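Got the viewer open? Switch to a cartoon view, keep the selection box handy, and follow along stop by stop.

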Amino acid sequence: MPSVSSAYIQSTVSYLVSLGVNADNVSLTTQKHDSLSGSSRVDMDVYVELLNQGVALTNNSLFGFELGKHIQAKDYGVLGYLVESCENLAQAINALTRFDALVADIGTTSVFFEPDNTRVEWVPKSADCKQMVLRNTTAWVATVYKILGSACKLNAITFTFPLSDSEKAMLAMWFNCEVVENANTNAIIFPQHLLHITFTSENKAMFSALVKVSEEELMASKGGDRVQCANSQFYANQHEDISHRVVALLKANPTLKGCDQQRVANALFISPRTLQRKLKQSGTSFQQILNSERKARLDDLLKHHSIADTADLLGFQEQSSFTHAFKKWYSTTPLKYQKQLLAPYS
């Protein structure tokens, strides 16, 4: 059954109390939680009812939005600190997609890499979803704002439900982008380049430790089957489109420096060996994909950079390695190729 961590209930009640709402006024819903024999999980229906009660108690139709702005890392438990320790947004999205069910098995997340944008879509498991979607969307963006600051500029936010003109205006002002109502999906759309801005809170040691803890929690969870099902769409996409995900990750990087198999595997939350195996099943390899992306960037780089700088930007540790690879690709040297490339402009 869809459920959330008890932290979701606690943070919602705490927020209502901080607004001056009498705790007794939310007792009916919290009593339902307390009756769950000390369970650390709360049924989604109880959570939705509490959110709707928040609307009534605050007379604010955007209660979920206001709640989402006040979310802290601790409200996500281990997952919150895991996200903050990630290297970049690409890794954080993979963390959220893989482990989100540990704190909230109430929807399915899908990530789509488009030519210029990344689209994160969320499909809730409740028909009464407005406050839940507002809270989740806002909390996600608030977390990214906190880490990336002014660098985080969104392209659009879409919601499947209707909004009043005043609601749209308020949301558009805070998200600082277009807000679309009655859309086909609930989605956050942002430029590809945001994926690889380094988090100032990055902590590789902490990240590795928290991934291990999250994996253990995932395996130990009594709802292990449910946890896996919650993300089944992501897992299916990951297995089916692993090569496309690798291509998208490489293309989203402004340079290919440091884009080795280990780093890409880490971003996808799998081991390099597993990545190698899955790519082989797809009829390719990491090296083939990397070389293809290198070739796609070659002409533009050689038109504007020296051979040494081009080699560096393509991720070669030594210029000699670049020259050796280039001869295998084109049976000529980078210098001769560059001269031919620049000849029309001389």
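Start by selecting residues 3–5, strand β1: β1 and β3 pair in the antiparallel sense over 2 bridges. Strands and helices here are DSSP runs, numbered from the N terminus (strands are E, at least two residues; helices are H or I, at least four), and two strands pair if DSSP finds at least two bridges between them. You're looking at a predicted model, where local features need pLDDT of at least 70 and side-chain atom pairs count only at pLDDT 80 or more, while totals for chains, interfaces and linings use all residues. Residues are numbered from 1 along each chain as its sequence is written, and side-chain values use heavy atoms, leaving out hydrogens and water.

Click Ser 3 and you'll find Asp 105 of β3 opposite. Now add the third strand: the open sheet has the order β2-β1-β3, with antiparallel pairing. Its edge strands are β2 (41–43) and β3 (104–105), each pairing on one side only.

Next, show 6–18. That's helix α1, lying across β1, β2 and β3 and running at about 70° to β1. Angles run from 0 to 180 degrees between N-to-C directions, with axes as lines fitted to C-alpha atoms, for helices over the stretch in contact; contact means heavy atoms within 4.5 Å. Then pick 44–58, helix α3, which packs on the sheet too, touching β1 and β2, at about 75° to the direction of β2.

Keep α3 on screen and add 130–148, helix α7: the two axes come within 9 Å and cross at roughly 90°. α3 and α7 are therefore roughly perpendicular to each other (the label covers 65 to 115 degrees; under 35 is roughly parallel, over 145 roughly antiparallel, and the rest oblique). For the side chains, select Met 44, Tyr 47, Val 48, Leu 51, Asn 52 and Val 55 in α3, which meet Gln 131, Met 132 and Arg 135 in α7.

Now for another sheet. What order do its 5 strands take? It's β4-β5-β8-β6-β7, an open sheet with mixed pairing. β4 (107–113) and β7 (178–180) stand at the edges with a single partner strand each, so one side of each has no neighbour in the sheet. Neighbouring strands are turned by 15° against each other on average, direction ignored.

Zoom in on β5 (117–124) and β8 (186–191): they run antiparallel, joined by 6 bridges. Trp 122 has Asn 186 in β8 as its bridge partner. Last stop, 89–99: helix α6 packs on this sheet, touching β4, β5 and β8, and its direction makes about 150° with that of β4.
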